[in-house]
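Subject: Structure handover

Hello,

Here is the structure we talked about. Please open it first, then read the notes below.

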Amino acid sequence: STISRDVASLLASKADVLFVYFGSGDGPGSLVRWPLRVARRALKAIGVRRGRSTVAMPDAASRDVTPGDVTPGGGAPRERAVSLAVIIWALALSHEKRRKLRASWRARNLGMIVVTDRYPQTQFLGFNDGPLLQQCAAHPSRILRALARWEAAPYAWAERNGPDLVIKLRVAPETALERKPDTGRAEVERRVDAIRRLRFGPGTTVVDVDTERPLDEVLRDVRRLVWCHL
């Protein structure tokens, strides 16, 4: 976030720039997601765990589900359940990504430079800016299947309309743990590996930048890459 905002600020002194945050964290979000974020923070502050309201999922359709987003179901053997809170959260994120993608493309078509922090992807489902309801795509319920298709749509749009330039910030798991110690080593290693293996289409230039160096050196290299690409 620090580097993407720095690039947007630098370019804004020379051209019209739109900065877009595509993540699901504490960056700029939509009004639809705002009350969900407030509720989540409030529940976490008072020590309330995630609710038990769930939707049963056949085991074959529950692969690759993000740990913590799925809990054992009470139905037939080898069933799982997806939290209703996760479904609501996923739909809110999908709505937000639709709006932000359309705004990005409008700005691009007007000749503006669009700088994004993160970008939707479909290669790693359930985390890292990918769809969260893929396990519902084969659910017996037509409603849940329809919700899964609706949620997945903007991620597919983003895949068909890739960025011109992608800068991957390469970081060692140990360094990432120092910056966010509450994430956990297994999750950090999974995210680092996903970023390393993430691929884009032939119209996208992808560059790796080593972030194990001082911030001013990283910023200098990123700025140079952006200017050269322009």
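One definition to start: buried means under 20% relative accessible area, exposed means over 50%, and partly exposed is in between (1.4 Å probe, protein chains only). This is a predicted model, where local features need pLDDT of at least 70 and side-chain atom pairs count only at pLDDT 80 or more, while totals for chains, interfaces and linings use all residues. Residues are numbered from 1 along each chain as its sequence is written, and side-chain values use heavy atoms, with hydrogens and water left out.

Two loop residues

Arg118 sits in the loop between strand 5 and helix 4 (142-160). Helices (H or I, at least four residues) and strands (E, at least two) are DSSP runs, numbered from the N terminus. The phi of Arg118 is near 80°, which is positive in a residue other than glycine. Arg118 counts as partly exposed because its relative accessibility is 39%.

Asp129 lies in the loop between strand 5 and helix 4. Its phi is near 70°, again a positive value in a non-glycine residue. Asp129 is buried, at 15% relative accessible area. For background, most residues other than glycine have a negative phi.

The cores

A nonpolar core is a set of buried Ala, Val, Leu, Ile, Met, Phe, Trp, Tyr and Cys residues joined through side-chain atoms within 4.5 Å. The largest one has twelve residues, among them Ile3, Leu11, Ile113, Val209 and Leu219. Helix 1 (2-12), strand 5 (113-117) and helix 7 (215-229) each give two or more residues to this core. Helix 7 supplies the largest share, five residues. A second, separate core has eleven residues, including Trp89, Leu91, Leu144 and Tyr155.

Helix 7 and helix 1

Helix 7 has 15 residues. From first C-alpha to last it reaches 21 Å, close to the 21 Å expected at 1.5 Å a residue (1.5 Å times one less than the number of residues). Its buried residues are Val218, Leu219, Asp221, Val222, Leu225 and Val226. Seen down the axis of helix 7, these fall within an arc of 165° (taken from the directions from the axis to the C-beta atoms), so they line one face. The face turned away from the buried side carries the exposed residues Asp216 and Cys228.

What do the buried residues of helix 7 pack against? They pack against helix 1, strand 6 (165-170) and strand 7 (205-210), with contact meaning heavy atoms within 4.5 Å. Leu219 touches Ile3 and Asp6, not counting residues up to four places away in sequence. Both Ile3 and Asp6 are among the buried residues of helix 1.

Best wishes
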